[in-house]
Amino acid sequence: MITAKQMFQLRDTGGAVAISEEEAPLSKERILRSQGEEVGALGKMQVKDLRAWFGKTEIIKGVSLSVADKRVTAIIGPSGCGKSTFIRCLNRMHEVVPKAHVAGRVLLDGVDIYDRKIDPVKIRSRVGMVFQRPNPFPTMSIRENVLAGLKLNGVKVSRPDELVEQVLEQAALWGEVKDILNRSGASLSGGQQQRLCIARALALKPEILLMDEPCSALDPIATSRIEELIHSIGKVCTIVIVTHNMQQAARVSQYTAFFYMGELVEFNDTDILFTKPGNQRTEDYITGRFG
Amino acid sequence: MHQTRINHSKEVPKLELGEHHGKGGRNFGDGVFKWMSAVFAASAVFLLAAMVIQMTRASALSIQRFGFGFLVERDWNPVQEIFGAFPFVFGTVVSSVIALLLVIPIALGVAIFLSELAPGWLTKPLSLLVELLAAIPSIVYGLWGMFVLAPWLLKTVYPILTQTLGFLPLFQGVPQGNGRGMLAAGIVLAIMILPTVASVSRDVMASVPKGYREGVLALGATRWETIRVAVLPNVVSGIVGAIVLGFGRALGETMAVTMLIGNRAEISASLFAPAATIASMIANDYSGASDELYLSVLAELGLVLFAVTLILNIASKLLVWRVGRIPGAERSL
Amino acid sequence: MGVYQRRKFVDGVMRSWCILATLFAVIPLFSLLAYVLLKGVGGLNWSFFIELPKPVGELGGGIGNALLGSFVLLAIASIFGIPVGVFAGVYLSEFGANPFGKLVRFCADVMSGVPSILIGIFVYTLVVLPMRSPSAFAGGIALGILMLPTIIRTTEELIKLVPNSLREAGLALGMAKWRVILRVVLPAGMSGIATGVMLAIARAFGETAPLLFTAGSYPFWSVHLNKRISSLPVQIYEYAGSPYEEWHQQAWAAALVLVVMVLILNLAAKLLTSSRSHAR
């Protein structure tokens, strides 16, 4: 296990992701956060005292945090700490599991997505999601996979071919699949399938994209391609990514939240959290003493 | 469950504890045991082969005399040795098709409900109920059909059908006084094959990985859209397999049909009219018929039924198996 | 908004269809159980179980001989069907990963789909014709053949669930494989075998069609293997087909007995497997 400092040296010297140019515009948020305030003005989504259960087991025990607009927020923590459950609460996917329920508020642009009048179907078309295991629709072609969400939501696309190209381009997949658009989505490699899933989510122009350990089933090369992709999409779209890989969080995110046993232990700018963690447990975790 | 089958004999240490096993005792015992159980296992193959042979032999006389052309001849008069079996083929197929038409929408609804929609506390008792429905003997369905279903059909359903759809020849004519006939048989068949079709369809739907559903849900799909996009396209062949299986069951179902179809070797456009099926004909006449040729004709009808159900069963098995091969299927079928 | 509302509407319609279909599907089951219970319970009394049928016109009478006949037939079927089925299942589970095993599995599956009336014809030509008369023996053989596929496949599936570590533990003690199977695997898989046997007996218990011309019927007490013998389902068939009201009543009562037995066997089999999977 390399230490956080070594990690940052690595990143600064030769990593695929350069962060220096990003640091300046973020400083205002950083000040706000270190004073312990919520970044309401800049936040795309505010989570307030969120609790989630499977049956009688409380998985998330009262978490509040704010997701910054057009930034990448990473959620890290040891397995079983509730990080996947947490982001599944952000587009109301947690409740589709039998016996699961949620309490608390999640504000998307100031509107509580758990309000009774809100249809989860509408929330899910605004907040996209990419899953641990790539799950392209096997009975659809690559092209149909990309357009699936639009078709479902009844959006008429005037030039579907252009849109498919644009979205696949955005997902860094166009070059590899432009000649095989009519082949089944299941015929691609794991990494390509995951990028197809990202494209499928992007086609709906989501306001937020949730990624639940999107690289955990992929090899290192596919992983680095997805990371590059996250980095480029993160400039135009709000991303929340769950990862058990701290280096990955450090490489792709601007903010990081550390979860432990269903609680939010620390939430801060990524480079602060990894270099000067404010909490002993965070430090233990990022230096590899447990987890 | 996947199990690695280990060839134990190679892994056992070659320690010979002479007292316990004697010379080569272990391998000898293993061999005997394996061969003995193999012989028992072979009985399944043997019995099936014997059935084919016996039924062919039993129908030899009839095959010689009539070949298979009598299946499409319409006149049936055993006393004068006129054997046209088309009325039975017709009755068998039509009653089973009625059953299928009735059962498909209901069984699929049940399967989708059980696999996708039912709240957790309801799934188990409902599935159990459906399975019990399958366990009730055919004779009991027949009894209930004779004394409850048929009178009710006669009093309530037939008049409504005549009034609303009476312009169709299907629903014309006067039903038998006891309500028995083609439609009654078709309905009881539908009730009987419903559990089979529903539970096989539910199983194939449940084998679709959760990830498929989540992928669609996360795009903002409604529950039904999720089923339509993520579940159904992956299990079409399995559902067809379930229906084919149900069809096979319906074709061969004997007791309840015999008790409800009216048993007359007639072909009528009206579904109210009595009819007969191959199975009901065999049930009624096989033991009574002392005439060798007649017995042989019935055996040949049985042989045809055997072949058809065999093909349907195999087809259904292959279709359901295909679903088990979708990437990441949750359990093998 | 139009699109969204239409989607919601379709969603509602399809969900309602599924719920209605499920409700609709359980109606016949409840109707059947209710009728069997209500109409049958009136005919039940002690003499119903132990007396012979009485001729038309005389009140009372029972199904004692049919009940005994069913047990005799099942006993014959079990003597033949259980050992063959269990050992075939053991073979498939322990040695069956070869083309022969596949063939056996396939044949067992095909056999379970053969209409039972055809098994009647098969046994008729094989046993009844040489013996010149329907008999308890022939009926028992027919039921035994019917039981085979269920026993084979259930035994195989449930014996396979016995953890491999148990097999290895036995082998590591220096036991021969056949001893491991008999002493370790079979006892551990006992509840699985019992499940298969119970399901098979439940199925055979209610079978009527193959008995019509293999066992026939006989209105007196009999345990003779080479004579006709009555059975519960055939008795129900004959009573139901008769024009007499009293006999219909007897048919309902007999059906109640049959349904209760079949359901108990099925539920017991279900409990056995579920308690097993909890234990593991």
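Which residue in β2(A) does Met45(A) stand opposite? Hold that thought for a moment, everyone, and thanks for coming. One thing before we start: this is a predicted model.

So, back to the opening question. The residue across from Met45(A) is Val67(A). That pair belongs to a longer run of partners, since strand β1 of chain A, residues 43-54, joins β2(A) in the antiparallel sense over nine bridges. If you zoom out a little, you find an open sheet of four strands in chain A, ordered β2-β1-β4-β5 with antiparallel pairing. At the edges sit β2 (57-68) and β5 (111-112) of chain A, each pairing on one side only.

Let's stay in chain A and turn to strand β3, residues 72-76. Is this strand enclosed or open? Five of its five residues are buried, so β3 of chain A is largely enclosed by the rest of the structure. As you may remember, side chains in a regular strand alternate between the two faces of the sheet. Here both faces are covered: on one side Val72(A), Ala74(A) and Ile76(A) are buried, and on the other Thr73(A) and Ile75(A) are buried.

And who are the neighbours? β3(A) pairs in the parallel sense with strand β8 of chain A, residues 238-242, over four bridges. In that pairing, Ile75(A) stands opposite Val242(A). β3(A) also pairs in the parallel sense with strand β9 of chain A, residues 255-260, over four bridges. There, Ala74(A) has Thr256(A) as its bridge partner.

Now over to chain B. This chain has 13 helices and two strands. Of its 333 residues, 51% are buried. Looking at contacts in chain B with a separation of 6 or more, 75% come from residues 24 or more positions apart.

Chain B touches chain C, so to speak, with 75 residues from chain B and 76 residues from chain C in the contact. On the chain C side, helix α1 (residues 2-41) gives the most, with 21 residues. If you like to think in terms of chemistry, that side of chain C divides into 58 nonpolar, eleven polar and seven charged residues.

Last stop, chain C on its own. The chain is divided into domain 1 (2-41) and domain 2 (49-279). Taken over C-alpha atoms, the centres of these two domains of chain C are separated by 34 Å. Their contact takes five residues from domain 1 and five residues from domain 2. The domain 1 side of that contact has three nonpolar residues, one polar and one charged.

That's my tour. Happy to go back to any of the chains on screen.

Key. Residues are numbered from 1 along each chain as its sequence is written. Chains are lettered from A and ligands numbered from 1 in the order in which they are written. This is a predicted model: local features need pLDDT of at least 70, side-chain atom pairs count only at pLDDT 80 or more; totals for chains, interfaces and linings use all residues. Two residues are in contact if their C-beta atoms, placed from the backbone, lie within 7 Å. Ala, Val, Leu, Ile, Met, Phe, Trp, Tyr, Cys and Pro count as nonpolar, Asp, Glu, Lys and Arg as charged, and the others, Gly among them, as polar. A residue is buried if 20 or more other C-beta atoms lie within 10 Å of its own, exposed if 12 or fewer, and partly exposed in between; C-beta atoms are placed from the backbone. Two strands pair if DSSP finds at least two bridges between them. Domain bounds come from an automatic or database domain assignment.
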